[in-house]
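User: Hi! I'm new to reading protein structures. Can you walk me through a few features, one at a time?

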Amino acid sequence: MNKFTKSVVIGACLAGLASVAATAGANAGSKHHGMRGMFNFEKVDTNADGFITQAEVTAHKNARFTKADTNSDGALSKDELKTSIEERMKKHHEKTGKTYDANKAEKRLDRMMKKFDANNDGQLAQSEMPQHGERLFEKLDTDKDGKISKAEADAMKKKHGKKHKEDHEDTSEG
């Protein structure tokens, strides 16, 4: 799986499996995002039992899609996607102290539309968004009990954070 796909899968699937562009788009096309900003465990764990179930992930994904779909037409237009991506990027850059680059957001949006707009209508329906959630959920559920614990999620973040650091070291040398 290439780094773009990992970013989309992790961003979209775990940040609420937000097959909403806000999540996928924030990482789309980047080479070195790893698990950065993967997801807010507490937000997805809506019943606060310390575990995330597939049902919670699906509900979170649907809620995020609905929030991004500001005109409630069941699809995300380029403008809706742009707004959602920009909001996420600005929040991330505020947290990290990095400078927000609107051109970078636009490029990510263009790549995302090209990759996922299967019917070329200029919008992304929820069915066109990445659907890698089950496989990733299974990967995170290391004890195979049908739910993701905070420890399992933290272990994956740590593993990918280390990989992210190694990737940066590799690219800085070459």
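Analyst: Sure. Keep in mind that this is a predicted model. Let's begin with helix 7, residues 133-140, where Gly133, Leu136, Phe137 and Leu140 are buried.

User: Why do the buried residues of helix 7 line one face of the helix?

Analyst: Look down the axis of helix 7: its buried residues fall within an arc of 105°, so they line one face. Glu134 and Arg135 are exposed, and they sit on the face turned away from that buried side.

User: And how do I read a nonpolar core?

Analyst: The general idea: in soluble globular proteins, nonpolar side chains tend to be buried together. Here, the largest nonpolar core has 13 residues, and Leu81 and Leu124 touch the most other members. Helix 4 (54-68), helix 5 (78-96) and helix 6 (102-116) each supply at least two residues of this core, with helix 6 giving the most, 5 residues. There's also a second, separate core of 11 residues, which includes Val44, Leu136, Phe137 and Leu140.

User: What about a charged residue that's buried, like Asp117? Which side chain of opposite charge is nearest?

Analyst: That's Lys78, but Lys78 is 9.6 Å away, and Asp117 has no salt bridge. A salt bridge needs the charged atoms within 4 Å.

User: So where is Asp117, and what lies around it?

Analyst: Asp117 is in the loop between helix 6 and strand 3 (123-125). A polar atom of the Asp117 side chain lies 2.7 Å from the backbone nitrogen of Gly122, and the backbone nitrogen of Asp121 is 3.2 Å from a polar atom of that side chain. Leaving out residues up to four places away in sequence, Asp117 touches Met112, Gly122, Gln123, Leu124 and Glu128.

Notes
Residues are numbered from 1 along each chain as its sequence is written. This is a predicted model: local features need pLDDT of at least 70, side-chain atom pairs count only at pLDDT 80 or more; totals for chains, interfaces and linings use all residues. Side-chain values use heavy atoms; hydrogens and water are left out. A nonpolar core is a set of buried Ala, Val, Leu, Ile, Met, Phe, Trp, Tyr and Cys residues joined through side-chain atoms within 4.5 Å. Buried means under 20% relative accessible area, exposed over 50%, partly exposed in between (1.4 Å probe, protein chains only). Helices (H or I, at least four residues) and strands (E, at least two) are DSSP runs, numbered from the N terminus. Lys and Arg count as positive and Asp and Glu as negative; His and the chain ends are not counted. A polar contact is a pair of N or O atoms within 3.5 Å; within protein, one must be able to donate a hydrogen and the other to accept it, and residues adjacent in sequence count only if both atoms are side-chain atoms. Contact means heavy atoms within 4.5 Å. The arc is that of the directions from the helix axis to the C-beta atoms.
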